[in-house]
Every structure is written in structure tokens, then in C-alpha cells.
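Me: I would like to go through this model by asking why each label is used. Could you start with the rules for strands, and then test the values against them?

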Amino acid sequence: MSYLLTQPDSLLPNVDGEGNGGIVDGVSITGYGKRLSRIVYAPAADDTTLWTNYQRYKNIRISGLTFTSTNATSSFNYAYSSADYGAQDTWYTDVEWRGSWKRGIGLDGPATTSNLNSEMGWDHCQVGGSYSDAFLVMGMTPAATQQDQFLNYWFRDCKVEYQSGVFVKNHRGGSMNFVGGSYILTDAASNGTFFQLTADATTRANSVTRLYAQGIRFELRGLGHKVIDSRWYKGNITFESCDDTALSFKSWAPDAVTHVYDFDANGARGPMVRYVDCGLMGSHQVTTGSTATTAGKLLYDGCRFIDMPTATGATGFLRWTGAVAPRYEVRDCLGGATYLANVKNPA
């Protein structure tokens, strides 16, 4: 069955929870399954949203549905939360997004009391289509330091197979877990990045600058595709038993720069980055400056650099742009099919 929605905020009423009855605690929207129950959003006006959660709904369950946008300026959800009127605990199960969107989900709130845009999960979902901004934007107002209270996000066994744009864009908050699934950028001619961690906020809370990816098969189909583009100046980023080598046999693969880190965006520092038992295509690049790294490091442990015979340097796997190398360590890794000598900086 298919449902056509043409009016903005027609999935749930757009009501401000503060002063209008308060929080609605517990909402369930359930279909028969993705591709069986379809909701097509086709507004006549541009830059609208299918549903707005303005400090109103908590403990939301949406399952068994396919959402399709026919207007590329449309967004799926805008969630605005304060400390007293939050938008906490939204879980999507067996939900699919298709079509052209500006944004999937945007998390926002007031500068002084933003809180509770948190505990959100996606289980066996499918993210398709295209996004001119991103599927998920954390911290729509990066200047609001309180939005670092947006935390705890879980993606479990999802199919993230979309044409172009950014999958997750992190300006504030975080503590993100991505476990299992297939992540593919399908349009080789377009640009796309799965994880974009920005430097818009020059100060960040310690407990939220964290990204963990485990057991994911990434497929990058063009030179404009990246797994991660991080400008975080601290925190922890871990890839464990992940693989992005599906198209490493292509002639362009050695020229692909698939993982990018900026250790010069906010002082000569970056996060602690770990790759454990990963298969990795192309090369990784770190932006550095003229002074030594004061915090942060890249560690590769038991990985395979499938396109590169050497670990570091101008033609190696790990490369840097500035005069000074970042802190790094490579141990028990393969360059192609040959074991590499362990190297580290400082030695």
C-alpha cells in the first residue's frame, strides 16, 4: 500500500511541547514492512519537512515503512530539543529512505539548554537516495556548545547504499556506533562521504567525540568517495574489522584518497585513530602543519594496504601534507601481499 503526503509536517502534528500540553511520551508508527508500506512525500513548496519534533515527542518507534521524497529540497525530520522538553529515544526498525532529499534528520536546540536529542537507533534500516546536506546532522547550530549534550547513536546491520552526499555529519555531540552492514556510494560520478566530522565547533565535550565502526563492508566507486573526512582535534575514532577494498582492482584505486584527517584545523592535534584488522584501499591523508603533533595519533594494527607496497611517504599508504609528520604507528601490516616493517613516529 502507498500513501501520498503533500503537506509539510503531515506525519506527526508540529506542536511545540512547551506550553502546549508538554511531552507526548510514546509514539508508534508501524507498516507491514519496507517496500510493502510506502509513504511518498511530494510537497509543492520547497525546503519543507515531513515531520517536526519540536520538544514534543519522546520514545518514538517507527518501523516497517519506506519513505520516498520527490522534492530534492525536502527533509525527513527536524528534531528540536531543550533540557525540559526533549526529543529523546527514537528508534527506526526496518525503515527505508529513497528519493532525493536535502536532509534526512537534523538535530537542533536552544543555545542555553539543548539536551535529550539523544539515544537514537537504526536497526536493519536502508538509507538510499541522495542528500544535498546529509542523512543525519548532529548539532544544526554548531555555535551552541550545549548541543554537545546530543549523544548516543546506534546503527546496527544497516544497508547504507545511497547515490551522493554525506551519510552522517557531526558538528556537535556524538558517541556514535556503527556495527555491521553494507555501506555503498552508488554513483561513481558524484561526491560522497560516509562520516564527516567538522571543525565548526572549536571546543568540544570530551565524552562525545567518539566514533566506532565495526564489521562494515564499505564500497567506494569513484575518486570523489570517502569513508571519513575528519577535522576533529581530539576524541577517539576506531575502525575494527572493516573493509573498503571492493573496487581496489580498478585502475583508479591507487589514486583514491579514502580516509582524510586534519591535524592542523585547531592546533597541531587530532584524535586517537585506530584501524584494527582492516582491509584498506588507496591511501590515507593527514593534513599537518609546521609543528609537531601535540595530541592524537594514527595506529594501523594487522591491516592490509591493498594498493600500496610501502607504509608511509609520498607514494606510501599514509601520507601527510605539512612539513612535520603526524604521530603514527604501523605494526603487523601487509603492503599488497608483503609484510611491511613496523614503523612509528616518533621512533
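Reply: Two strands pair if DSSP finds at least two bridges between them, and a strand is a DSSP run of E with at least two residues, numbered together with its kind from the N terminus. The model is predicted, so local features need a pLDDT of at least 70 and side-chain atom pairs count only at pLDDT 80 or more, whereas totals for chains, interfaces and linings use all residues. Residues are numbered from 1 along each chain as its sequence is written, and side-chain values use heavy atoms, with hydrogens and water left out.

Me: How do you know that β3 pairs with β5?

Reply: Between β3 and strand β5 (residues 57-69) there are 4 bridges, and since the rule asks for at least two, the two strands count as paired. They run parallel, and within this pairing I39 stands opposite F67 of β5. Strand β1 (residues 2-5) is also joined to β3 by 4 bridges, again in parallel, with I39 as the bridge partner of Y3.

Me: What makes the side chains of β3 alternate in burial?

Reply: In a regular strand the side chains alternate between the two faces of the sheet. Along β3 (residues 38-41), I39 and Y41 point to one face and are buried, while R38 and V40 point to the other face and are not. Buried here means under 20% relative accessible area, exposed means over 50%, and partly exposed lies in between (1.4 Å probe, protein chains only).

Me: Why is M1 called partly exposed, and what makes M1 part of a nonpolar patch?

Reply: The relative accessible area of M1 is 47%, which lies between the two limits, so M1 is partly exposed. A patch takes residues with over 30% relative accessible area and no salt bridge, joining nonpolar side chains (Val, Leu, Ile, Met, Phe, Trp, Tyr) within 5 Å and like charges within 9 Å. M1, which is found in the segment before β1, forms such a patch with Y3, Y32 and L36, and together they have about 500 Å² of accessible area, by the Shrake-Rupley method with a 1.4 Å probe and only the protein chains shown as cover for residues.

Me: Why is the contact between K102 and D47 called a salt bridge?

Reply: The rule asks for a side-chain nitrogen of Lys or Arg within 4 Å of a carboxyl oxygen of Asp or Glu. The closest N and O atoms of K102 and D47 are 3.1 Å apart, so the pair meets the rule. K102 lies in strand β7 and D47 in the loop between β3 and β4 (49-54), so the salt bridge ties together parts that are 55 residues apart in sequence. By this rule the count comes to 14 salt bridges.

Me: How do you know that D148 and R172 are buried, and what links their side chains?

Reply: The relative accessibility of D148 is 7% and that of R172 is 3%, and both values fall under the limit for buried residues, so both residues count as buried. Their side chains meet in a salt bridge, with 2.9 Å from N to O. D148 lies in the loop between β10 (130-138) and β11 (151-162), and R172 in the loop between β12 (165-170) and β13 (174-185), so the pair ties together parts that are 24 residues apart in sequence.

Me: What makes a group of residues the largest nonpolar core?

Reply: A nonpolar core is a set of buried Ala, Val, Leu, Ile, Met, Phe, Trp, Tyr and Cys residues joined through side-chain atoms within 4.5 Å. The largest such core has 82 residues, and those with the most contacts inside it are W97, W122, F167, F195 and F239. Strand β7 (residues 90-108) gives the most to this core, with 6 residues. W122 touches residues including W91, W97, F135 and W154, not counting residues up to four places away in sequence, where contact means heavy atoms within 4.5 Å.

Me: Why are β21 and β28 said to stand at the edges of their sheet?

Reply: The open sheet of 4 strands has the order β21-β24-β27-β28, with mixed pairing. β21 (279-280) and β28 (338-339) each have a single partner strand, so one side of each is left without a neighbour in the sheet. Strand β24 (residues 304-305) and strand β27 (residues 334-335) pair in the parallel sense over 2 bridges, and L334 in β27 is the bridge partner of R304.
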